[in-house]
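Work through these exercises with the sequence and the model open side by side. Each task is followed by a solution in steps.

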Amino acid sequence: MASMSAAEYRDSLRALNPRVFVNGRRVESVADEPLLEPGINALGVSYDFALRPDYAAVMTATQAGSGRATNRMLHVNGSTDDLLAKLEAVRLLCRESGCAQRYLAHDALNALHQGTHRADAARGGGERHARLLAYLEEVQRRDLALGIAMTDAKGDRSLRPGKQANPDVHVHIAARRADGIVIRGTKAIVTGAPYMHEFLVMPCRTMTAEEAAFAVCCAVPADAPGVTIVARPAGRPGDPAARFSARFGQSTGVVVFDDVFVPWDRVFLAGEHEEAGFVTTSYATHHRHSCIAARAGFGDLLIGTGALMIEANGLDPDRHGHVRDAMVDLIKIVEGFYACGVAASVYGTRDASGAVMPDTVFSNVGKLLLATQIYDMHRLAHYVSGGLIVALPGPEEDHNPETAASLAAVLAGRPDVPAAKRLEVARLMEDLTASSQGGWYSVISLHGGGSPEAMKREIWRHYPVEEKSAMVERLLERGVLADEARRASRQPGRCCDTGCAPPKLPAVPPLPDAAE
């Protein structure tokens, strides 16, 4: 497999010259910018872990058709085992880096694989899917990092894209040429934008026929003429109290496309509004499945840090039941929504393109659980840690000759755990849950991959409610509730009130079809 290391990935960024602004100034070299260092470090984990033999089973895959070995983050799923491996890979990466970021590329490539195949089948020709497969081969061969430019600026939320006063709040096709298209508009939230090799431009909602110009999917180099990236720093670089986010973090960027030319071989959909809408919902399912694993990895960080805080504070979960119960509640939340991801993988289905998609209902249920329970995860982590995590003096005092010794004497917990170790864990918990970075983790958990309302709509749209109601109707029509013999037995497993003899179990015929 032609896979880069983290160091090689960083070097590859030096070959690009994107127009990037962070904190009001132009970035001369993304690879050497301190404010972006934690983001590049986080993405680098996905490269280094793919080179480790002990992680090969989850971090690499063989692409069907080409037979190419590739990074799991760039793989189109060919089986339910692939879905499970992707889930494990994302959890592994996020417990190390907080948020791996690169899994968004996996989700977009899978959605485009399905959508371009569907467009060719519905509209004739095979050029859309062929272009996508050629691009997939290039991305895997070069081991690229892809930014997903999906969420438009949107403008007035009460108006559809075609009704906006400023059409550039949505990316759209501004012109068609013999050799390609020209796109304009703004994507407002692009994960890892400054340190990506290329952007996959995708629509973020379904479109009508009148809005066909907004139904565009294409690939654009990060330094293409007309592309401007306005980004925030990644993590908390340079902050001595940032025990985690000074090393790992995530930048997000507003990406402006100002009359950017895209040649046809990098255009996958251009006006096919129905198929573009399918790509949007398909991506949402893939991405929510991945988000489940990502937040489970973050949950692993909270569980581990909470356990260390309990130990450093001198408490024993076996003797202090309230602490044990809080930890069990935290474990229950994390493994509960992760179990939905496992179920979504096991019940995945293959479509006509050959790609395997996770189950929509389980993916959305799992994402909805984590989105609404992320604040409970933080609360429980705070509960088991104690108030010290936000009441500590700054880390500069650790080396102040006038205060360090006295603080070390009184801020220790257990005699066998030095104060410095206790304070280090406390600052890690603060960084993960009670800092600006901790708030960021909450917001991306709530809104990343769509708002909870979007997940509720998908659950309601795909859950077989009619099947359940038809089942109950059949039971009522068979007179189950009017059967006096069954009503007289108030305890399961007994034939009468006194339980004189075990009942004989009748053979149960299959329920008739609803039509019958």
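**Exercise 1. A charged pair of unequal cover**

Task: Classify Arg25 as buried, partly exposed or exposed. Then find its salt-bridge partner and classify that residue too.

Solution.
- Step 1. The model is predicted, so every value here is computed from predicted coordinates.
- Step 2. Arg25 has a relative accessibility of 39%, so Arg25 is partly exposed. The partly exposed class runs between the 20% and 50% cut-offs.
- Step 3. The partner is Glu33, and the closest N and O atoms of the pair are 2.8 Å apart.
- Step 4. Glu33 is at 6% relative accessibility and is therefore buried.
- Result. The salt bridge joins Arg25 and Glu33. Arg25 is partly exposed, whereas Glu33 is buried.

**Exercise 2. A bridge across the sequence**

Task: Which residue meets Arg128 in a salt bridge? Locate both ends and state their burial.

Solution.
- Step 1. The partner of Arg128 is Glu272, at 2.7 Å from N to O.
- Step 2. Arg128 belongs to helix H6, residues 127–142. Glu272 sits in the loop between strand E13 (267–270) and helix H7 (273–312).
- Step 3. The two residues are 144 positions apart, and the pair links distant parts of the chain.
- Step 4. Arg128 has 9% relative accessibility, so it is buried. Glu272 also has a value of 9%, so Glu272 is buried.

**Exercise 3. Neighbours in sequence, and a network**

Task: How far apart are N and O in the salt bridge between Asp325 and Arg324? Then name the members of the network that includes Asp300.

Solution.
- Step 1. The N to O distance between Arg324 and Asp325 is 3.5 Å. A salt bridge requires a distance within 4 Å, so the pair qualifies.
- Step 2. Asp325 has a relative accessible area of 41% and is partly exposed. Arg324, at 35%, is partly exposed.
- Step 3. Asp300 is linked with Arg91, Arg95 and Glu335 in a network of salt bridges.
- Step 4. For the whole structure, the count of salt bridges is 32.

**Exercise 4. Positive phi outside glycine**

Task: What is the phi of Asp143, and what is the phi of Asp259? Set each residue in its context.

Solution.
- Step 1. Asp143 is not a glycine, yet its phi is positive, about 55°.
- Step 2. Asp143 lies in the loop between H6 and strand E5 (146–149). Its relative accessible area is 2%, so Asp143 is buried.
- Step 3. Asp259 is not a glycine either, and its phi is positive at about 55°.
- Step 4. Asp259 lies in strand E12, residues 252–263. At 41% relative accessibility, Asp259 is partly exposed.

**Exercise 5. Two helix residues**

Task: Is Leu109 buried or exposed? Is Val390 buried or exposed? List the contacts of each, leaving out residues up to four places away in sequence.

Solution.
- Step 1. Leu109 is in helix H5, residues 103–123. Its relative accessibility is 0%, so Leu109 is buried.
- Step 2. Beyond four places in sequence, Leu109 touches Leu74, Val76, Leu136, Leu146 and Leu200.
- Step 3. Leu109 and Thr191 are 82 residues apart along the chain, with 16 Å between their C-alpha atoms.
- Step 4. Val390 is in helix H10, residues 388–391. At 55% relative accessibility, Val390 lies over the 50% cut-off and so is exposed.
- Step 5. Beyond four places in sequence, Val390 touches Glu430 and Ala434. Its C-alpha is 8.9 Å from that of Ser435, which is 45 residues away in sequence.

**Exercise 6. The whole chain**

Task: Describe the chain by its elements, extent, burial, contacts, charge and surface.

Solution.
- Step 1. The protein chain has 16 helices and 15 strands. Its C-alpha trace spans about 85 × 75 × 50 Å along the principal axes.
- Step 2. Of the 516 residues, 50% are buried.
- Step 3. Take contacts between residues at least 6 apart in sequence: 75% of them join residues at least 24 apart.
- Step 4. There are 55 positive and 62 negative side chains, and the centres of the two sets are 2 Å apart.
- Step 5. The accessible surface is about 22900 Å², with 55% belonging to carbon and sulfur atoms.
- Step 6. Met471, Val472, Leu475 and Leu476 make a nonpolar surface patch of about 310 Å². Leu476 is in helix H15, residues 465–477.

Notes. Residues are numbered from 1 along each chain as its sequence is written. This is a predicted model: local features need pLDDT of at least 70, side-chain atom pairs count only at pLDDT 80 or more; totals for chains, interfaces and linings use all residues. Side-chain values use heavy atoms; hydrogens and water are left out. Helices (H or I, at least four residues) and strands (E, at least two) are DSSP runs, numbered from the N terminus. Buried means under 20% relative accessible area, exposed over 50%, partly exposed in between (1.4 Å probe, protein chains only). Contact means heavy atoms within 4.5 Å. Accessible areas come from the Shrake-Rupley method with a 1.4 Å probe; for residues, only the protein chains shown count as cover. Lys and Arg count as positive and Asp and Glu as negative; His and the chain ends are not counted. The place of a charge is taken as NZ of Lys, CZ of Arg, CG of Asp or CD of Glu. Patches are made of residues with over 30% relative accessible area and no salt bridge: like charges are joined within 9 Å, nonpolar side chains (Val, Leu, Ile, Met, Phe, Trp, Tyr) within 5 Å. A salt bridge is a side-chain nitrogen of Lys or Arg within 4 Å of a carboxyl oxygen of Asp or Glu.
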